[in-house]
Amino acid sequence: MSTPTHRLTTAQALVRFLAAQYTERDGVRQRLIAGTWGIFGHGNVAGIGQALVEHAHVMPYHQGRNEQAMVHAAVGYARQRGRLSTQAVTTSIGPGATNLVTGAALATINRLPVLLLPGDYFAAHPADPLLQQLEHPVEADVSVNDTLRPVSRYFDRITRPEALIASALNAMRVLTDPAETGAVTLALPQDVQAEAYDWPGEFFAERVWRVRRPAPDPAELAAAADAIRSASRPLIVAGGGVHHSAAEDALRALADATGIPVASTQAGKGSLRYDHPADVGGIGHTGTAVADHLARTADLVVGVGTRHTDFTTASGTLFQNPGVRFVNLNITAFDAHKLAATTLVCDARAGLTALTEALAGHRVDAAYEAEYRAGKERWERVVEAALRSDDDSAVPTQTQVLGALDTVVGDEDVVINAAGSLPGDLHKLWRARSPRQYHLEYGYSCMGYEIPAAVGVQQAAPDTPVWALVGDGTYLMMPTEIVTAVQEGLPVNVVLVQNHGYASIGGLSESVGAERFGTAYRHRVADGSFTGAPLPVDLAANAGSLGMDVLRAKAVGELREALRTARASDRPTCVYVETDPAPTAPPAEAWWDVPVAEVAGREPAVLARERYDREAARRRRHL
């Protein structure tokens, strides 16, 4: 019996295939590819563009303004949906495709799924070279899209229609694999996109990709439980894998049963609610005093879903107990083996549940519990002092901006940030009320992520208030998707903090002896130096010109009222505030390795190198 076929172009077949893909975890089913972002040019307008018109009834389309921003929006959507649903991104060939690279790197580093569909050269080479073609003298099959190979978890160039069948299935396999996911790239030559083929009907059948929850190996579980029982000062470090696995309840059950304190990475913050007795806040270079003290004295560190980046480990200087050992619970063996740890390779929720059962009756010493709870209370007083303002008529500091927002948000609100000085302040001070509220992209720390990610989060959670917190430097990187928010009627809120320069990198520059060179927006004068006067730039007017409602706040009281107004609005709204640049955040509790000039003729660099050598000497290799 012959198999029914459908004569479609490659692009039409791909769009129809994507519309029929679903994920399922814990009995809940949802669309894998919920929509497609696109900016059209030659290379995708006649292929994917036409296919999206043809199948508009099954594949929603979203118009982007910047290719990198489209990837950020899709990543924000995927994170909000727990990696179980994402979006596709289509671009033209040439600069449209290479603009994807930064977004792809961000997705892969953060282990978040996104499908990239850049146009590519003519597979048949009817003319050579084409407009925007990269000519390589010895590798004729190379195109600019090959820049996406190192930042993609799966890459293929579809040079024949029938090649799409196997490649599309592999793409879905990687997108839905919790241990492998990241950016997936299918490069689509423009002639192949438009070529017709007789596709087997089975290719378009609904397909459900079940997201696994692998259980822990019994021997690994026993070894991990033994290590915890024998520790006198254990500390759990919760990473982003807790959220990806929806393991927050399981983590809370383990903390309640054992009394083990829980610190969190940037990606893991909110794994416990901020006022849970065992939550001691952020860890590492941007961590709290109590969490970093516990880390320095811990004899066992239990990492759950964390990659142990340099910010978490204070560049290898944080865990100072001579006998410290590690247990890593991670779905990825690559991460589980870091720091010479005892491994527990499994799903975070499954592993935490099994650990709680294996540790039945075990609890940390009462004195240890009392110690970290007292430290938590002391730190809460530090937080309150940093966030509070006693004068509503005063120009707010950056931490007071966070304090004003803290008084306005509800448990369901999502706060998004990625770069600058805000991540450090947020990690130390933000009171996370729910698992999805704290949305920090700090694996790649990409300036410009916040506004497009807010668009994606708002699409994923349309009834949720969403806040993009941006400094002036980050805003200038990528405000373009404000237009998309206006076009699609997405009531995202942008809190635009104007401090007339790169506050974070300026402070870092000063600390490493580079004297804040090139980190401020100031007038240049004839001798090449900069005056103290800020540039006459009005970013609030810019946001208004892109279609946002703009609320200007000059004082703490005005700011608080503007935030309330923005939260109640059904339109995209920008709250603009110029801040007092005086630092009010608590200082860093742990080091971060940024190498300093070993020889220099200027005193600030010489002194910075002396400090660097003292800190670097404390680095340990955990073997």
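With which residue does Arg619 form a salt bridge? In this predicted model, the partner of Arg619 is Asp593, and the closest N and O atoms of the two side chains are 2.6 Å apart. The pair links distant parts of the chain, since Arg619 and Asp593 are 26 residues apart. Arg619 belongs to the segment after helix 24 (603-616), whereas Asp593 is found in the loop between strand 25 (573-578) and helix 24. Arg619 is partly exposed, with a relative accessible area of 32%.

This contact is one of 38 salt bridges found in a search of the whole structure. Another joins Asp146 to Arg157, with 2.9 Å between the closest N and O atoms. This pair, too, links distant parts of the chain: Asp146 lies in the loop between strand 7 (114-120) and strand 8 (154-157), and Arg157 lies in strand 8, with their positions 11 residues apart in the numbering. Asp146 and Arg157 are both buried.

A further salt bridge is formed within helix 24, where the side chains of Asp613 and Arg609 meet at 3.1 Å, N to O. Because Asp613 and Arg609 are 4 residues apart in helix 24, about one helical turn separates them. The two partners fall into separate accessibility classes. Asp613 has a relative accessible area of 38% and is therefore partly exposed. Arg609 has a relative accessible area of 18%, and is buried because this value is under 20%. Elsewhere, salt bridges that share partners join five residues into one network, namely Glu380, Glu384, Asp406, Arg431 and Arg433.

Glu380 also appears in the description of the second largest pocket, which has a volume of about 220 Å³. The lining of this pocket comprises 20 residues, and those nearest its centre are Tyr274, Asp279, Gly281, Lys376 and Glu380. Three elements give two or more residues to this lining: strand 14 (279-282), helix 15 (366-387) and helix 17 (422-429). The largest share comes from helix 15, which supplies 4 residues. Sorted by class, the lining of the second largest pocket contains 9 nonpolar, 4 polar and 7 charged residues.

Enclosed spaces were examined as well. The count comes to 2 cavities of 30 Å³ or more. The largest cavity holds about 110 Å³ of space. It is lined by 15 residues, of which Asp120, Tyr121, Gln132, Gln133 and Ser143 are the closest to its centre. The lining of the largest cavity divides into 8 nonpolar, 6 polar and 1 charged residues.

The second largest cavity has a volume of about 30 Å³. Its lining is made up of Leu14, Val15, Leu18, Thr36, Ile48, Leu52 and Leu117. Helix 1 (10-18) and helix 2 (48-54) are the elements that give two or more residues to this lining. Of these, helix 1 gives the most, with 3 residues. The lining of the second largest cavity consists of 6 nonpolar residues and 1 polar residue, with no charged residue.

At the surface, Phe40, Val45 and Tyr61 form a nonpolar patch, and together these residues have about 250 Å² of accessible area. Tyr61 is located in strand 5 (residues 61-63). With a relative accessible area of 33%, Tyr61 is partly exposed. This value allows Tyr61 to belong to the patch, because patches are made of residues with over 30% relative accessible area.

Leu496 provides a case of burial. This residue lies in strand 21 (residues 493-498). Its relative accessible area is 0%, so Leu496 is buried. The C-alpha atoms of Leu496 and Pro60 are separated by 30 Å, and the two residues are 436 residues apart along the chain.

Key
Residues are numbered from 1 along each chain as its sequence is written. This is a predicted model: local features need pLDDT of at least 70, side-chain atom pairs count only at pLDDT 80 or more; totals for chains, interfaces and linings use all residues. Side-chain values use heavy atoms; hydrogens and water are left out. Patches are made of residues with over 30% relative accessible area and no salt bridge: like charges are joined within 9 Å, nonpolar side chains (Val, Leu, Ile, Met, Phe, Trp, Tyr) within 5 Å. Accessible areas come from the Shrake-Rupley method with a 1.4 Å probe; for residues, only the protein chains shown count as cover. A salt bridge is a side-chain nitrogen of Lys or Arg within 4 Å of a carboxyl oxygen of Asp or Glu. Buried means under 20% relative accessible area, exposed over 50%, partly exposed in between (1.4 Å probe, protein chains only). On a 1 Å grid over the protein atoms alone, a cavity is a set of points where a 1.4 Å probe fits but cannot get out, and a pocket is an open set with protein on both sides within 12 Å along at least five of seven lines; lining residues have an atom within 4 Å of a point. Grid points are joined across faces, edges and corners, and a volume is the space filled by probe spheres set on the points. Ala, Val, Leu, Ile, Met, Phe, Trp, Tyr, Cys and Pro count as nonpolar, Asp, Glu, Lys and Arg as charged, and the others, Gly among them, as polar.
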